[in-house]
Each structure stands twice: as C-alpha cells, then as structure tokens.
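Grab a pencil and keep the viewer open. Try each exercise yourself before you read its solution.

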Amino acid sequence: LETAPKYKRVLLKISGEALMGDQGFGLHPPTVERIAREVQKVTDMGVEVCMVIGGGNIFRGLQGSAQGMERTTADYMGMLATVMNALAMQGALEALKIHTRVISAIPMDQVCEPYIRRRAVRHLEKGRVCIFAAGTGNPYFTTDTAATLRANEMQCQAIFKGTQVQGVYDSDPKKNPDAVFFPKISYDEVLQKNLKVMDASAIALARENRLPIIVFSLDEPNGMAGVVQGAGTFTVVS
Ligand code: UDP
C-alpha cells in the first residue's frame, strides 16, 4: 500500500448482504467492522469516500410485493432497511475515529441528516465519510441506481462496487469453474450480455455520465485499498 491513490473521491457501493456475514439475514457486527476497517485504509490515503449500502439483508421491496404487499409500501420498507445498515456502518466507522455522516434521501432528522447536496460535498471536503441512505427516496428504484446518482452528484471519479467475486465474468464463477473474467468491459456489453454488475438503469446512468464502475472483491484483505491504487484484480466497466 505504498503508491499514491489514483482517485480523489470515490463511492463505495455494497449490498446489504455484504453485512450479514455467514448468517442468512440481518447484520453481523464483526463483518460490518471488517468492512469499516477496509474503508479506513482508503480514507487513510486521503481519498474522500461516499458509501451506499443496500438493504437486501433486511428487506427487499420485490419480496414484499411478491407476498401481497403493495409495491410502494414494500419499497419504502426496503429504503428504511438501508438506513439501519447505514447507521450500523456509521457506528463501526466512528469506533475507528472516522468522522461519518449518514445522509438520508427521506428526511428523519432525529436519526440522520437530510440530503442537501452542497452540504454533503462540504462534508467530503472536510474528510468525512458520507453514507447515503434511503436509496433515491423513490419506490421502483434500487440502491445501485442511488449509488450512481449520488456518485454523479458528488462528482466521484468512480463507483467501487464491492462483491463476493473479483470482478465481472461471463457467468457465475462460483458455479462455473470455466467462467471467463473480463478485466475491462463496456457499459453496452454489460447491458447486451445482461451481466450482473448493477441493474440496467444504474448502468445506463453511469454510461450517460461516463462514470467508471470498478467491480472488485470485498473479501480480499486490502482489496479496496489496492484497487484504489490500481493494484490487484478487478474489472473496469467504462
Ligand atoms: N429501494 C427503493 N428505492 C431506492 C432504493 C431502494 O425503493 O431508491 C428499496 C427497494 O425495495 C429495494 C430495497 O430498497 O429492494 C433494498 O435495496 P436493494 O435491493 O438495492 O439492496 P441490495 O440488493 O443492494 O442489498
């Protein structure tokens, strides 16, 4: 970890499931802590970090609607789940003495800050980690789209999509040992081949704004810090 970071400001997107460890549900505090320490390695290099965390470890709108709930109600519940995850991550980061703000697309003043773009930018300039919660604040969207939206608004140089594999493959490498790895791939190819990087609206929004998506493994120790320096294995979608 000796070379200079290639980025000044990035957005890290992780799914809610990344926080549940080996449990099938919810939050696993040691896992949250582990990811917080990975983030710390990046902030220690002076990189400004935004985060968006999904809510799938707690609640997904589509699940709720499949069970008969109204889709919009279920989606709001999913957005609230992301706030819980954001608070857990804030706690873990602040335990490491990293100043962190949770910023929600749905105002809930007693819990966290409301989203005000210029204020969020100011936090980043002061070196605070900003965790953007409650997705876009709208039903029918995902936290992938929220991540792309906020990364554009905060003028991040890239989205870092942390996953359980080292990047983008033509098929699931956990199921297919012959899966082909792509070190680089275009937005169009991701969409055409329907590769599971981020959902299509997120990819389209990134493409429109030429925001690179860097897919990497959250399971590698120093993984994110390495990728921020251009080292290790990862896929660049651009
Ligand atoms: N959600 C939403 N609007 C948004 C972002 C999220 O309605 O802008 C809801 C949606 O129901 C989704 C849930 O929040 O299923 C959790 O987010 P997501 O599925 O993206 O989480 P992840 O899969 O990344 O854990």
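**Exercise 1: a residue in a strand**

Work out whether I14 is buried or exposed, and find what touches I14.

*Solution.* This is a predicted model, so we work from its atoms. Start by counting: I14 has 24 other C-beta atoms within 10 Å. The cut-off for buried is 20 or more, so I14 is buried. Next, place I14: it sits in strand 1. Finally, skip residues up to four places away in sequence, and I14 touches I35, I53, G162 and L218.

**Exercise 2: checking a helix**

Check the span of helix 1, then find where its buried residues point.

*Solution.* Helix 1 runs over residues 29–44, which is 16 residues. At 1.5 Å a residue, it should span 22 Å, and its end C-alpha atoms are 22 Å apart, so the two agree. Now look for the buried residues of helix 1: V32, I35, A36, V39 and V42. They cover an arc of only 105° around the axis, so they are on the same side of helix 1. Among the elements covering them are strand 1 (9–14), strand 2 (48–53) and helix 3 (71–95).

**Exercise 3: an annotated site**

Decide whether the residues under the UniProt annotation "binding site" gather at one spot or not.

*Solution.* The annotation, from an unreviewed UniProt entry, includes K13, I14, R60, T163 and D172. The annotated residues span 160 residues in sequence, and the farthest two C-alpha atoms are 25.4 Å apart, so they do not all gather at one spot. Take T163 as one of them: it lies in strand 6 and is buried, with 20 other C-beta atoms within 10 Å.

Key. Residues are numbered from 1 along each chain as its sequence is written. This is a predicted model: local features need pLDDT of at least 70, side-chain atom pairs count only at pLDDT 80 or more; totals for chains, interfaces and linings use all residues. Helices (H or I, at least four residues) and strands (E, at least two) are DSSP runs, numbered from the N terminus. The expected span of a helix is 1.5 Å times one less than its number of residues. A residue is buried if 20 or more other C-beta atoms lie within 10 Å of its own, exposed if 12 or fewer, and partly exposed in between; C-beta atoms are placed from the backbone. The arc is that of the directions from the helix axis to the C-beta atoms. Two residues are in contact if their C-beta atoms, placed from the backbone, lie within 7 Å. UniProt positions are given in the numbering used here, feature names are shortened, and annotations may be inferred rather than shown by experiment.
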